[in-house]
Amino acid sequence: MWHYQNPVDIHAGRGALDGLSALLGNRRAILITFPEAASLGINQRLADLLGERLLAIESDVQPNPDVSWLRPMYQRVWQHYADADCIIALGGGSVIDCAKAMLAPTPSRTFDELLTLLTSTDSSAPLRGQAKTLIAIPTTAGTGSEVTPWATIWDQQAARKYSLHQPWSWPEAAIIDADLMVTLPRASTLASGLDALSHALESLWNIHRNPVSATLAVTAAREIIATLPRLLANLDDVTLRERMAVAALQAGLAFSNTRTALAHSLSYDITLQQGVAHGIACSFSLPRIMEMAVGADAELDALLLRIFDATSAGNAVQHLRDFLENLGVSTDPADYGLAEADWDGRIDQALQGPRGRNFIIPGDKHPN
């Protein structure tokens, strides 16, 4: 038996942002977005769409949401705008993850109580109090945060990462509008696209894979492999942007039901310790991990061969390695400050994490 479920109301296509006003209805909202949104005219566009229903704009979001600046934002949201019904998150994964951390009140309206929940043994226990709803509007094609309930929260000072996953952290709706993605720089386009590819592949070599997630993942991976190199050579091509946006959405829908696996488990320490962008940190190891996954079951092997139009597992792995290298992404851990001698130890450690335990590793390929 298997089960697939995703509650997010998806509105997609060029110009879809114009439907935001109808989605919000008579509710009042706070906009959380990225610092450059004002200069791009996005803040004014939403202000014109929503009028008096837009109560405030928070635009101090930085990459990898960190407790050092999430804490004061949370205080502002819940002390000054507690009566806002909805949060609109417009930006990349960091913006949407930040918004998820703002959604629900703690008894004292303080962020530290939320951190206590995240570090408790029952971190999935819901907070008491009415959570705000979330409308997620991604401006990158990659993170999948618009159709998943998870948010990653970082504490650089303590060298820790927290995972937020609550019943209320699913977005109510997602708006996918490729017109919002045409100004994304090359480096961000690359990293977010490879994050999406990782989501697709990790949802396949996964103990929670099901027929729906697998179909979405294969379609997404094939489209990313076909489209991303062309887009990186033509960043202002909105048709290619839209194709990547749909592929990233499909990858998000795939891993919304499986979660990620070993590559993401490995990536968190690499981002914390080495400062490697998340999309690169979780994708450069994909060929090595595919080598480990091959042979887990015949269905997985067939799916991987289909993605890469390959005749053998070795061929598929080489196609993936060549794809990354041709985009300028090294697959050698040493290029990220990671000693080869330490790699098996890192794999062992990552396999013990919550995401690593999702990996469908054949027993004879375990590094120990």
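Select Leu-180 together with Leu-17, Arg-45, Leu-90, Ile-137 and Thr-139: these are the residues in contact with Leu-180 once its neighbours within four places in sequence are set aside. The model on display is a predicted one. Leu-180 lies in the loop between β8 (173–176) and α6. Is Leu-180 buried or exposed? Its relative accessible area is 10%, so it is buried, the cut-off for that class being under 20%. Now add Leu-118 to the selection and draw a C-alpha to C-alpha distance from Leu-180. The two residues are 62 apart in sequence, and 32 Å separates them in space.

Proceed next to helix α6, residues 186–204, and select His-199, which belongs to this helix. With a relative accessibility of 2%, His-199 counts as buried. Display the side chain of His-264 as well: a polar contact of 3.4 Å joins it to the side chain of His-199. To see the wider surroundings of His-199, show Gly-142, Thr-143, Gly-144, Ala-251, Phe-255 and Thr-260, which, with His-264, are its contacts beyond the neighbours within four places in sequence.

Keep helix α6 in view and add helix α13, residues 313–326. The axes of these two helices are 13 Å apart, and the angle between them is about 165°. Because an angle over 145 degrees counts as roughly antiparallel, α6 is described as roughly antiparallel to α13. The crossing of α6 past α13 is left-handed. Which residues make the contact? On the α6 side, select Leu-194, Leu-197 and Leu-201; on the α13 side, select Leu-320, Phe-323 and Leu-324. Coloured by class, this contact of α6 with α13 shows 6 nonpolar residues, with no polar and no charged ones.

The next stop is helix α9, residues 262–274, to be shown with helix α14, residues 343–351. Here the axes are 8 Å apart and the packing angle is about 115°. The range for roughly perpendicular is 65 to 115 degrees, and α9 is accordingly roughly perpendicular to α14. In this pair, α9 passes α14 in a right-handed crossing. From α9, select Leu-262, Ser-265, Leu-266, Asp-269, Ile-270 and Gln-273; these meet Trp-343, Arg-346, Ile-347, Gln-349, Ala-350 and Leu-351 of α14. How do the residues of this contact divide by class? There are 7 nonpolar, 3 polar and 2 charged residues where α9 touches α14.

Two backbone positions complete the tour. Select Arg-259, in the loop between α8 (238–255) and α9. Its phi is near 65°, a positive value in a residue other than glycine. Arg-259 counts as partly exposed, because its relative accessibility is 31%.

Finally, move to Asn-64, in the loop that runs between β3 (54–58) and α3 (67–80). Asn-64 is likewise not a glycine, and its phi is positive, at about 55°. What is the exposure class of Asn-64? At 25% relative accessibility, Asn-64 is partly exposed, since that class covers values between the limits of 20% for buried and 50% for exposed.

Methods: Residues numbered from 1 in each chain as written. Predicted model: local features only at pLDDT ≥ 70, side-chain atom pairs only at ≥ 80, totals over all residues. Heavy atoms only, no water. Helix = DSSP H or I, 4+ residues; strand = E, 2+ residues; numbered from the N terminus. Buried < 20%, exposed > 50% of the residue type's maximum accessible area, 1.4 Å probe, protein only. Axes fitted to C-alpha atoms, helices over the stretch in contact; angles between N-to-C directions. Parallel < 35°, antiparallel > 145°, perpendicular 65-115°, else oblique. Left-handed = near helix turned anticlockwise from the far one by under 90°. Contact = heavy atoms within 4.5 Å. Nonpolar A, V, L, I, M, F, W, Y, C, P; charged D, E, K, R; others polar. Polar contact = N/O pair within 3.5 Å; in protein donor to acceptor, adjacent residues only side chain to side chain.
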